[in-house]
Amino acid sequence: MTVEPPPHLRRGRSRVAHGVLAATLVVLAVLATVLGAATPAAAAQPPVRSFFVPVADSPGSASRIRLDVDLYTPAATPAPAVLLAHGFGQDKTALAPEARRLQREGFVVLAYSARGFGRSGGRIGLDSLDGEVPDARALVDVLARTPSVRRVGLDPVVGVVGGSYGGALALMLGATDRRIDTVVAAITWNDLAQALIPASAGRVVGASAAAPLRDVKSGWASRLFADGLGGSADPCGRFTPAFCSVYQRLITGGAPTPADLALLARSSPSTVLSGMRAPTLLLQGLQDSLFGLDQADANARQIAAAGAPVQVRWFDGGHDGSGIAGTDAVVDAWLAARLTGRQRVPSTFSYDVPASATSFPERVTASGYRGLTGDVGKALSVPLNGGGTLVNPPGGLPSSFTSLPGLGGGTAIGRAAGGLLARANPPAEAVRFESAPLQQPAVLAGAATVRIRLTPVGGTATDAMVYAQLSARTGDAERALPGGVAPVRVHLPASGAVVAVTLPGTAWSFAPGDRVALTVRTSDAQFGGSAAPAADRVALNSPLVLPEIAPAATARTAGLPDPAVVIGIGAALAVAVVLLVLAAVLGRRRRSVAALPGPDGPPLAIRGLTKRFRSGFLAVDDVSFTVERGQVLGLLGENGAGKTTTLRMVAGLIRPDRGAVEAFGAPVGPGSPVLTRFGCFIEGPGFLPHLSGRRNLDLYWAATGRPRREAHLDEALAVADLGGAIDKRVRGYSQGMRQRLAIAQAMLGLPDLLVLDEPTNGLDPPQITALRGVLRRYAEGGRTVIVSSHLLAEVERTCTHVVVMSHGRLVAAGPVGEVAGEASELVLDVTDQAGALRAVRDLGVARAEPHGGTGIRVDPGALGVEDVIAAVVHAGIGIRDVQRGRHLEEAFLELIGATEPSA
Amino acid sequence: MSAAATRPDARERRRRVLPFRVELARQLSQWRVRIVLLVLAVLPIVVRVALLIGGPPSSGGTDLAALAQASGATFAGFVLVLAGGFLVTLVAALLFGDLIAGEASRSTLKYLLTIPVPRMRLLAVKVLVATVILAVGIVALTAIALLVGVLSYGAGGLQVPGGPRLGFGDSVGRLALTAAASVVGLLWAAALGTLLTVVADSPLAAAGGVVLASILSRILDQIPDLGDLRVLLPTHYSSAFRRFLTAPVDLAPVADALLSGLIWAILFGTVAAWWFGRKDVSG
């Protein structure tokens, strides 16, 4: 009867969403798809019609008020109808999610604002038989006239569903209107007087059965009244004047008059349930200090007595917890079975056991409903120890906090806040009894009972007012059992009396080692209490009796992974394994194809190699050449000519856009096995700087996985020529030292093809000379060396063959001599260029031409060099300089199109 | 120079290049890796000293921080929770962000590739080594935390906040599961680090990218309006490992975390492998 959170399956929906999302992710492995799937496309909404229904203000009255109504029609009609009633303080808009859900389930749904709420007229009569109940009957009339509602004969098929305030209405409508085919009533009351002004939960043993004393639930009463004020300036808000005066009397400490109780009875299902014929589902929350399990128990008894089938469920919710959240599936299944399927009501009873400090929540199913006293003979007797004197201070203040209405033990926040408040409870106002650690697990289901002896300290007869509450202690952690406190208000004779106390009905799972505690207090912030100062001794007169119900089945409802998630994990692992196997198989196949024993071809053959970088720069353009065994090939070109890019493609570091590289007859790509026969030094050295040169070489060779004896480390170290520095950290090496170490690393294992990119960078002339010798000797053994350089003289002196590149293109290739020009060619610097040309042409040389400003270039042909020189000298021309053969530099500059030598 | 041309015979070709132990030795030689392991190992001692400075234990707390000094196992659990928040993500980012980008930045990548180490083999061995280092780090953290805790507060079992005191044997099992679950919680970070280290050429950029993604994901996870979409965030289940420090143990978030981690790992890992397989190595 309070502000309900709109009923929905937030938790359940999100769990399902996890599973669906997860499975989708695994199957598709595409993020975008999942993002799309996570936001379900808005389905086309079936129609909703809003209108007002005029009803009589009171029975027999001519004046009319209007009720605000939404009528939801499903896709297929005629369909069974459901009348939805809202909770206290709400209106029809709060029912929209549930109404839409039922509409999708195929029901005609009529949701309305009760009188006194929302835009409906009238005043709040707390589900009065003289107001709200006739209203609901008028709405059934509307449904009976609606063509989309299914009919059996003239009778419309109608169920009524409500929670809290709506639940009582559903019960009373079901009991007073034969057209109702089924009732679902959640977290609601049976007797409004008992719910708001409960009679004492304890009675003096042996005393005559006088009218029990009552105590008002002032906390709840004031909250409900505030919810009904609706922001109006009237101190009575939208309540009827009669209810307003009852409230004012109770909250100011007055006792209810017989007229008040009669008024509350007109708003209680207990008054009419003897007329119930419709199958009824009663859902009652464990976390409910407003309408406890005793209210549902009374409803169930009366309905059963009236001969209607009834099913009871206790779920882990209620006014102190999450409202009626989580009951959607149960309600839907019930409505489908009753209204669509017309099935029999099963006799089973199920109850939730909330999570404790050591166990998960469970749902227990029993063969039938047992009430609050459990199975006969199955109760557990637990002796408790303790005792002491209770003091009620004048005014009953400060009062003890045992729960927060609407925010009780059902939520973590409620538990935390309640725990903090409870710690501040005045110790003189409480007496505690505690059991020894339990030896066996036990599940309490129902209302525990205990007998206590109360003795007034003053020795005079008095009215005693105490509150009893159960809690469970696990280690240092103590949790109050859900369901609130039992108010006990009895007349005590001067000698005291034994009081039999019935604690609030609840369900709880005790683990071995847990202790059960009973706390008796003189005040409770949620109750009116007693203002008179008092002191009573409290002792236990009997063990605590915990009723139990034999379970037919127990299901854990939390703590286990969603099956969809488990399947998802399996699928993800399978996908991972498949991907790994795929990668391994593809890698092996690529390598085995690459390793096919082809004809042992030339060490290196390049065909049509082309590489354009992502920037658009064409680094290598259609380059082809072949390197034969024993050659020392110089790759010559200006900076940026594409030498390094070519060598990177040769080493499989980058992929050519077009063309192919073959080495020893096998294709070369990233990771090709034939690369084992390569030794590479490309674009600068790379070492672990914090390790010594020797350790670097060791680790490098270890990474090849080949035996150490194949490394020929000594020969490599001789090339590096680092002396004692080989055992120092590479970090301290000079550029030249690193360069030599890198060349040594490339030579480890004496590879068949040595690829060196600009090896002389940073070397001094003696080192360059030494390297030259090393490379020549290396190639003499039948191995092959490729050296790139932009230093022409270097290539000319070191290499047997040369490939000249410029702007990414190959411009010349062949033996150095061939590229540079005829070996026998002579270049003479003479005193008379024209005369000299004449002289040598007269001699009959193969070719003669001017060279520069003062020189001539002569191809002697069959003649000897000495003959040519002699002829020039004979002509009386002076020779200032003689060069045998053409310099590569010249050829190079000519080839790349430069007109002037740069230096 | 020997004139004999050496050709690897079939037996030698079958030998695996870049053996696991060689890569492990290469990694462990780096101070970066050593410091990461050292930080994890020293953290429990730092926490213990901080508690020493902070004074005697406060009584009757309801969270692990207040209960840290209740027993040796509780202290270890507290240290794991402290480290599990962000430190281990940072460690994973450093280790995995360095895999390829670290080699590229030292110019050693090209020499490994021309050995030749097949690229998938290189990536696989490096991922394996980084995983082992990370796992060893977290195991060391747990073991040292337990040792420091037992020496300081006695061999008591885990005190569950708002719950029972567990037995010592049970507690050690819980701590082991917590450590294992926190490694699972790093799957996404490891995989993202692997992807970024392949794409970026700087190890710092790769590690920073993971840290940034982690922070961003945590920020987005704080926005309730995103609703169920938040399950897509890689850090959404980052606190699932703490479930093993509560009673009773709710396995649902742990399973969710495992699934989420696996999906991200497969996604990032596949892209990383594909990218590295066709990448032009220029560093």
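Here is a short chat about a few backbone spots in this predicted model.

Modeller: Residues count from 1 along each chain as its sequence is written, while chains are lettered from A and ligands numbered from 1 in written order. Since it's a prediction, local features need pLDDT of at least 70 and side-chain atom pairs count only at pLDDT 80 or more, but totals for chains, interfaces and linings use all residues.

Biologist: Why is A:Phe664 called buried?

Modeller: Buried means 20 or more other C-beta atoms within 10 Å of a residue's own, with C-beta atoms placed from the backbone. A:Phe664 has 21, so buried it is. Its phi is near 50°, a positive value in a residue other than glycine.

Biologist: And what makes A:Asp721 partly exposed?

Modeller: Exposed means 12 or fewer neighbours, and partly exposed is anything between that and the 20 for buried. A:Asp721 has 16 C-beta neighbours inside 10 Å, so partly exposed fits. Phi of A:Asp721 is also positive, near 50°.

Biologist: Where is A:Asp721 along the chain?

Modeller: In the loop between α16 (713-720) and α17 (735-747) of chain A. Helices here are DSSP runs of H or I with at least four residues, and strands are runs of E with at least two, both numbered from the N terminus. A:Phe664 sits in the loop between strands β32 (658-663) and β33 (666-667) of chain A.

Biologist: Which peptide bond leading to A:Pro78 is cis?

Modeller: The one from A:Thr77, with omega near -5°. A:Pro78 is in the loop between β2 (64-72) and β3 (81-85) of chain A. In chain B, the bond from B:Ile115 to B:Pro116 is cis, with omega near 0°.
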